[in-house]
Every structure is written in structure tokens, then in C-alpha cells.
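Work through the exercises below with the coordinates open. Try each task before reading its solution.

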Amino acid sequence: MHRWTDLAQVPADFGPSVVTVGNFDGVHRGHVGVLTRMVADARAAGARSVAVTFTPHPQQVHRPDEAPPLLTGDTDRLELLEGTGLDAVLLLTYTLEFAQQTPEEFVRRYLVDGLRARTVVVGRDVRFGRGNAGDLSTMVALGERFGFAVEVIEDVAPDGDEDVAGLDDPLRRRWSSTWVRELLAAGDVRQAARVLGRPHRVRGTVVHGDARGRELGYPTANLGPDATGMVPADGVYAGWLRRPSLPAGDPDAVLPAAVSIGTNPTFDGLQRRVEAYVLDRTDLHLYGEEVVLDLVERLRPTLRFDSVDALVERMHEDVEAVRQVLRPVAG
């Protein structure tokens, strides 16, 4: 998949293309369903499939105090988009200046002149251009003017037999990033994985912590404050620690882990942290390495213990619980 951050990187002979525009935060099952269908349709028509997306998220630019936490950082979003089979992604830097383009300017510059769009795929509630002045009727009119078709995609809802919380909603809740955020805020990473189509992921660089886990016999890899991926509710989770720098077949590339999220209340901690103990391993040296945590199941909320001994005893129980959760997956 081609990854471009500027129109100047698009080959002069690229196209014709089928283009869609969106934020694709989380690249959940609804996104994947639409994108894989778009890819298949583009190939059948002899066209290239392209997604145009933005960084940072527009809400972080226009309403930073109200913007929701992002489910995925750019690295994971691009990797997941590539998994849908897209031919290219154009990742544009979103600024207040960029947002001043009129709907016509945006469409003409990026979709028509830049990507030579034959078809533009949009949702019924599409908004684009300065002040979100462009809508579906605007896109259709611009398509007639510039010679591209507009395909409208409807919201995608789970099938009736899907075992996902929220399916008893009489409005037949659709796959959405908002739904995932709600589940993560409640710590329900197992249900979030069903909406995402995979375990929720937090990615970050391992930094030095208090070394308290090592003293207790459970050394942890602490993620730095620049970690990406929404951090779910405080608690202890079963998950996998992945090391992208290692080859896929390396035995240390994917490791079972107990993940703690919270402030360490037993030690009167104030800073919220994400830290992972790799089961039965005290020989790993991960400082400065980028790792990925795939969260499988929340075992319990964060607790305050009356003594260090009580904490260590519970940590031992947590590790055994992680084994039970991950064993079927490993098998």
C-alpha cells in the first residue's frame, strides 16, 4: 500500500481511482466492511482504491478541550487500513489553514486533480470544506461538475446473531468509534474487541518507572506518556505484549502479559500509568523499545491493599488468572 502525506508524492500516472474520505479512528468492523467492499469494487472496475484521512483528528484542532480520546495512533491506523487491501492512503496534516478550503477547493485539489477520482464513496452524513459547508448534495453536484460518481454508503449494523453488548438497542446500534470508546471507558475490552474485530491496542515506548515491580518480583514495562491508543478504565488486564522490532517468527515477538492501568493506590501514586508484566520473564530489557499491548480481558478493577504482602499475593493470583484467559488463545 502506498502511504502519502502530500499530493506531490502521488505519481503523475496514478488513477483512475475510487476514493473515500474519513477519519477511520479505530478502523472498526464498520470501517473494514465498507473499505473491503470498496476495494473489491475498484478492482472490478480497473481502478485504484484510496482512503483520504487526516492527522491530527479535526476535532483536536477545532475543539481540543472536547475532542474524544483517539482509539488508534497514526502507526496503527495506517497498518489497519493497509489490512483492508487499499492501494493507497493519503494522510493529510489537518490545520486551521487547511480547514479554510471551500468544499469545491478541497474536492478539486485532492479528489479530482490529485487522485483522479472516478467514484467518491461517502456516508449520508458527510460534511466537508470550510465550516462543514459541504454535504451530500454538495458532493453530488461537484461530481456532476467534475465527472465523478458519488456512491452513498449506509451505516453498517451488526447481524442479529452477533454477540455484542448493545444489540438489544431498539435502534439497532451501528458499528462506531463512539461505541468502542464507551466500552473501553467501562473497561470492557472483550466487547470492544468484538466491535473492533480484534483486541484493542495501546502502543508506546518503554520508559523507566519506580522499579517497584522488580523489587516485588514482577518487573514491568512502563509505557511513556506519549503512548497512543485510548487507555481503558483502571484495572488489571490479560493481554499480549508485542515487539514490532522483532521478526514475526521470533519467540519473543509476542509475549503473554498482565497489564496494570492506574495510579498504584497501595503506594499512594498520583500518576496514571500503563505497565505490563511479561509472565515468567525477568530477563527482558525493553527500555527505549516501542511495544504494543493487545488487551484481551479485564480481570478486576484497581484496588488499594493494606500491605505489600497482600498486594503481592493478589498479583500472584492475577498472573494465574491471566494464564487461564490466554491459554485458549495460545492453543
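The exercises cover salt bridges first and nonpolar cores second.

This is a predicted model, in which local features need pLDDT of at least 70, side-chain atom pairs count only at pLDDT 80 or more, and totals for chains, interfaces and linings use all residues. Residues are numbered from 1 along each chain as its sequence is written, and side-chain values use heavy atoms, with hydrogens and water left out.

**Exercise 1.** Count the salt bridges, then place the one between Arg3 and Glu82.

*Solution.*
- Apply the rule: a side-chain nitrogen of Lys or Arg within 4 Å of a carboxyl oxygen of Asp or Glu. The count is 24 salt bridges.
- Check the pair. The closest N and O atoms of Arg3 and Glu82 are 2.8 Å apart.
- Locate both ends. Arg3 sits in strand 1 (residues 2–4) and Glu82 in helix 3 (residues 74–82), 79 residues apart. Helices (H or I, at least four residues) and strands (E, at least two) are DSSP runs, numbered from the N terminus.
- Assess exposure. Buried means under 20% relative accessible area, exposed over 50%, partly exposed in between (1.4 Å probe, protein chains only). Arg3 is partly exposed at 42%, and Glu82 is partly exposed at 34%.

**Exercise 2.** Is Asp87, the salt-bridge partner of Arg48, buried or exposed?

*Solution.*
- Start with the distance: the closest N and O atoms of Asp87 and Arg48 are 3.8 Å apart.
- Place the partners. Asp87 is in the loop between helix 3 and strand 4 (88–93), and Arg48 is in strand 3 (residues 48–55), 39 residues away.
- Read the accessibility. Asp87 counts as buried at 18%, whereas Arg48 is partly exposed at 31%.

**Exercise 3.** Trace the salt-bridge network that includes Arg201 and Asp76.

*Solution.*
- Begin with this pair, which has an N to O distance of 3.1 Å.
- Arg201 lies in strand 7 (residues 200–207) and Asp76 in helix 3, so the bridge ties together parts 125 residues apart in sequence.
- Both Arg201 and Asp76 are buried.
- Extend outward: salt bridges link Asp76, Glu79, Arg201, Arg203, Arg242, Glu290 and Asp294 in a network.

**Exercise 4.** Which residues have the most contacts inside the largest nonpolar core?

*Solution.*
- Build the sets: buried Ala, Val, Leu, Ile, Met, Phe, Trp, Tyr and Cys residues joined through side-chain atoms within 4.5 Å.
- The largest core has 30 residues, and Val180, Leu184, Tyr237, Leu241, Val259, Leu293 and Leu295 have the most contacts inside it.
- List the suppliers. Elements giving at least two residues each include helix 6 (177–185), strand 9 (235–242) and strand 12 (290–300).
- Separate the other set: another core lies apart, with 29 residues, among them Val50, Val52, Val112 and Leu142.
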